[in-house]
Amino acid sequence: MTEAPDAVRQIDARIAELGGWRGETLARMRALIHEALPDVVETVKWGGVPVWERHGIICTGETYKDKVKLTFAKGASVEDPARLFNASLDGNARRALDLFRDSMIDTDAFKALIQAAASLNKPKTRATKG
């Protein structure tokens, strides 16, 4: 796992490297995640995948030739009234949002989804000795 300051630089570099619509899409979604959760922590895992965390993983941002995929670690447990999730719908834990070149997204619904996903992660507490 890469800690936040270096991860921010790595994600910036990844967005610049991608360029085009995939870089723009990843940058836009990253900005919305930060708007929804100003205290979100960015990390990089699994050979360069951007990860957004708060008391655990909220989502990852993978890029493919034809899409940007945001995978929510606990997506199956997240309320999605706007039905943004459109991939990995059969799993027991994860859900994903596949964004293609011409995809439009309800930004308010996406930010609500990020906040709902983050609320599932509980802060770790230390056991007290008594």
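The legends below describe several close-up views of a predicted model.

**View 1. The nonpolar core and the elements that build it.**
The largest nonpolar core contains 31 residues, and those with the most contacts inside it are Ile58, Leu70, Phe72, Phe110 and Ile114. Helices α1 (4-18), α2 (20-36) and α3 (107-119), together with strands β3 (57-63), β4 (68-72) and β5, each supply at least two residues of this core. Leu70 shows how such a residue is surrounded: leaving aside residues up to four places away in sequence, Leu70 touches Met29, Trp52, Thr60, Gly61, Arg95, Ala96, Leu97, Leu99 and Phe110.

**View 2. Helix α2 and its buried residues.**
Helix α2 has 17 residues and reaches 25 Å from its first C-alpha to its last, which is close to the 24 Å expected at 1.5 Å a residue. The buried residues of α2 are Trp21, Gly23, Thr25, Leu26, Met29, Arg30, Leu32, Ile33 and Ala36. An α-helix has 3.6 residues a turn, so residues three or four places apart point the same way. Met29, listed among the buried residues of α2, is also one of the residues that Leu70 touches.

**View 3. Ile15 of helix α1 against residues further along the chain.**
Ile15 is found in helix α1, and with a relative accessibility of 14% it counts as buried because that value is under 20%. Beyond the residues up to four places away in sequence, Ile15 touches Gly23, Leu26, Ala27 and Arg30. The C-alpha atoms of Ile15 and Thr25 are separated by 9.0 Å, although these two residues are 10 residues apart along the chain.

**View 4. Salt bridges between helices, and one further pair.**
A search of the whole structure finds nine salt bridges, of which this view takes up the following examples. The side chains of Asp12 and Arg30 meet in a salt bridge at 2.5 Å, N to O. Asp12 lies in helix α1 and Arg30 in helix α2, so this pair ties together parts that are 18 residues apart in sequence. Within the pair, Asp12 is partly exposed, with a relative accessible area of 39%, whereas Arg30 counts as buried at 10% relative accessibility. Glu35 forms a salt bridge with Lys111, and the closest N and O atoms are 2.9 Å apart. Here Glu35 belongs to helix α2 and Lys111 to helix α3, so the pair ties together parts that are 76 residues apart in sequence; Glu35 itself is partly exposed, with a relative accessible area of 49%. In a further salt bridge, between Lys45 and Glu53, the closest N and O atoms are 3.2 Å apart, and both partners count as buried, Lys45 at 17% relative accessibility and Glu53 at 13%. Salt bridges that share partners also join Asp12, Arg30 and Glu42 into one network.

**View 5. Arg95, a buried charged residue of strand β5.**
Arg95 lies in strand β5, which covers residues 95-99. Arg95 is buried yet has no salt bridge, and the nearest side chain of opposite charge, that of Asp90, is 6.8 Å away. This distance does not qualify because a salt bridge requires the nitrogen and the oxygen to be within 4 Å. The side chain of Arg95 instead reaches the backbone oxygen of Gly91, at 2.8 Å. Not counting residues up to four places away in sequence, the residues that Arg95 touches include Leu70, Phe72, Phe85, Ser88 and Asp90.

**View 6. Lys69 of strand β4 and its polar partner.**
Lys69 lies in strand β4 and counts as buried, at 12% relative accessibility. The side chain of Lys69 makes a polar contact with the side chain of Asp98, at 2.7 Å. When residues up to four places away in sequence are left out, Lys69 touches residues including Thr60, Glu62, Tyr64, Ala87, Ser88, Leu97 and Asp98.

**View 7. Two residues with positive phi between β4 and β5.**
Arg83 has a positive phi of about 55 degrees although it is not a glycine, and its place is in the loop between β4 and β5. Arg83 is exposed, with a relative accessible area of 73%. Ser88, which is likewise not a glycine, has a positive phi of about 55 degrees, and Ser88 is placed in the loop between β4 and β5. Ser88 counts as partly exposed, at 40% relative accessibility. Ser88 appears among the residues touched by Arg95 and among those touched by Lys69.

Definitions and conventions:
Residues numbered from 1 in each chain as written. Predicted model: local features only at pLDDT ≥ 70, side-chain atom pairs only at ≥ 80, totals over all residues. Heavy atoms only, no water. Helix = DSSP H or I, 4+ residues; strand = E, 2+ residues; numbered from the N terminus. Buried < 20%, exposed > 50% of the residue type's maximum accessible area, 1.4 Å probe, protein only. Lys, Arg positive; Asp, Glu negative; His and termini not counted. Polar contact = N/O pair within 3.5 Å; in protein donor to acceptor, adjacent residues only side chain to side chain. Contact = heavy atoms within 4.5 Å. Core = buried A, V, L, I, M, F, W, Y, C linked by side-chain atoms within 4.5 Å. Expected span 1.5 Å × (residues − 1).
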